[in-house]
Amino acid sequence: MNASAVLRNGWQKVFGAGARSARPIPGDASHGTILYLEDISVSFDGFKALNALTLYIDAGELRCIIGPNGAGKTTLMDVITGKTRPDAGSAWFGQTTDLLTLTEPQIAEAGIGRKFQKPTVFEQHSVLENLALAVAGNKTIWTTLVSPLSRVQHERIEAALETIHLQDRRDMRAGMLSHGQKQWLEIGMLLAQQPQLLLVDEPVAGMTPQEVERTAELLLSLAGKHSVMVVEHDMDFVRSIARKVTVLHEGHVLAEGTIDEVQSDPRVVEVYLGE
Ligand SMILES: Nc1ncnc2c1ncn2[C@@H]1O[C@H](COP(=O)(O)OP(=O)(O)OP(=O)(O)O)[C@@H](O)[C@H]1O
Ligand SMILES: [Mg+2]
């Protein structure tokens, strides 16, 4: 048994195998934790948007983050992607990447993709061209569109097209897609960059019920291959995809568990009723 396994077993003896306090140990690959956020605090003019937030995400897990308006959900994503620097705490991606030392582009390069609420596809370009631009990384639009793609790049684009179910729209201008299809294309563009962790903020806002259902299927199909963190207010949608749910309130983790566990937690009921 290696040192970290001994340590982990030690935790289990003290807290029991399923104890939440059993903090994953950086360096312990067997645990499969991909994101470690510990005691993260962010202040805006003295107001604590995040307050000693601690959260761990496993490799391949699909985690839903819920919480009332202003709970700090978007700020949490801003910290993970390097847009906002915390005043305190630590943020590690995998075993060796200290996110707090990296710039936003370096974090994206390290394998963390983020989808913002508003789709940001290139409307005048086709679905295929949008995906080509995504796989090409930071080349200019012109260079990308005139350069031949490698076989590997082609394969990545085809795989992304299949995952987002837009194969029959490949030559359509992105501007002609429905709102939901644009959102899927943007997810496809992120997938083409092969992120290990995908952050998705309010993916189903403004979608039709059918689009919401397709989005649930899409996100579920990603779990296992990528870690996915989804922030969403639509509880029916959360229920349809949720495994483990984290409830944020006033910048802190209020509860964590299955959707049934958190929805029946009196503290969670109270903060939602108080909205
Ligand atoms: N750049 C900023 N400057 C000042 N205050 C900010 C800034 N960004 C966020 N805040 C504040 O921090 C708190 C947390 O905001 P955040 O956007 O993270 O909440 P949220 O959980 O994403 O809310 P929503 O569900 O409404 O999207 C809010 O009170 C917000 O007003
Ligand atoms: Mg938000």
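## Report on a predicted single-chain model

Glycine 111 sits in the loop between α3 (104–110) and β6. The model is predicted. Glycine 111 is partly exposed, because 18 other C-beta atoms lie within 10 Å, and a buried residue needs 20 or more. Setting aside neighbours within four places in sequence, glycine 111 is in contact with Pro195, Gln196 and Leu197. A longer span can be given too: the C-alpha atoms of glycine 111 and leucine 190 are 10.0 Å apart, with these positions 79 residues apart along the chain.

**Overall make-up**

The chain holds 11 helices and 10 strands. Of its 275 residues, 36% are buried. Take the contacts between residues at least 6 apart in sequence: 64% of these join residues at least 24 apart.

**The six-stranded sheet**

The loop with glycine 111 leads to β6. In what order do the strands of the open six-stranded sheet follow one another? The order is β6-β7-β8-β3-β9-β10, and the pairing is mixed. β6 (112–115) and β10 (252–257) are the edge strands, each paired on one side only. On average, neighbouring strands of this sheet are turned by 20 degrees against each other, direction ignored.

At the β6 edge, the partner is β7 (residues 197–201). These two strands pair in the parallel sense over four bridges. Glycine 113 has leucine 198 in β7 as its bridge partner. At the other end, helix α11 (residues 266–273) lies across β9 (244–249) and β10. Helix α11 runs at about 125 degrees to β10.

**The four-stranded sheet**

A second open sheet has four strands in the order β2-β1-β4-β5, with antiparallel pairing. Its edge strands are β2 and β5 (97–98), and each pairs on one side only. Helix α2 packs on this sheet and touches β1, β2 and β4. The direction of α2 makes about 65 degrees with that of β2.

The strand pairs of this sheet are listed below.

| Strand pair | Sense | Bridges |
|---|---|---|
| β1 (residues 33–44) and β2 (residues 47–58) | antiparallel | eight |
| β1 and β4 (residues 88–93) | antiparallel | five |
| β4 and β5 | antiparallel | two |

Single residue pairs fix the register. Leucine 37 has leucine 55 in β2 as its bridge partner. Serine 41 stands opposite alanine 88 in β4. Tryptophan 92 has aspartate 98 in β5 as its bridge partner.

β1 and β2 form a hairpin, with two residues between them. Aspartate 45 lies in the turn and has a positive phi of about 50 degrees.

**Leucine 53**

Leucine 53 belongs to strand β2. Is leucine 53 buried or exposed? Leucine 53 counts as buried because it has 24 C-beta neighbours inside 10 Å, where the cut-off is 20 or more. Residues up to four places away in sequence aside, leucine 53 touches Leu37, Ile40, Leu76, Gly251, His252 and Val253. One of these contacts spans much of the sequence: leucine 53 and glycine 251 are 198 residues apart along the chain. Their C-alpha atoms are separated by 6.6 Å.

**The shell around ligand 1**

Which residues surround ligand 1? The shell consists of Phe44, Ala49, Gly67, Asn69, Gly70, Ala71, Gly72, Lys73, Thr74 and Thr75. By type, three are nonpolar, six polar and one charged. Helix α2 (residues 73–80) gives the largest share of this shell, three residues. This is the helix that packs on the four-stranded sheet.

**The largest nonpolar core**

The largest nonpolar core has 65 residues. Which members touch the most other members? They are Leu131, Leu185 and Val230. Helix α7 (residues 179–192) supplies the largest share of this core, seven residues. Leucine 131 touches Ile157, Ala160, Leu161, Gly188, Met189 and Ala192, leaving out residues up to four places away in sequence.

How values were computed:
Residues are numbered from 1 along each chain as its sequence is written. Chains are lettered from A and ligands numbered from 1 in the order in which they are written. This is a predicted model: local features need pLDDT of at least 70, side-chain atom pairs count only at pLDDT 80 or more; totals for chains, interfaces and linings use all residues. A residue is buried if 20 or more other C-beta atoms lie within 10 Å of its own, exposed if 12 or fewer, and partly exposed in between; C-beta atoms are placed from the backbone. Two residues are in contact if their C-beta atoms, placed from the backbone, lie within 7 Å. Two strands pair if DSSP finds at least two bridges between them. Axes are lines fitted to C-alpha atoms, for helices over the stretch in contact, and angles run from 0 to 180 degrees between N-to-C directions. A residue is near a molecule or strand if its C-beta atom, placed from the backbone, lies within 6 Å of it. Ala, Val, Leu, Ile, Met, Phe, Trp, Tyr, Cys and Pro count as nonpolar, Asp, Glu, Lys and Arg as charged, and the others, Gly among them, as polar. A nonpolar core is a set of buried Ala, Val, Leu, Ile, Met, Phe, Trp, Tyr and Cys residues joined through C-beta atoms within 7 Å.
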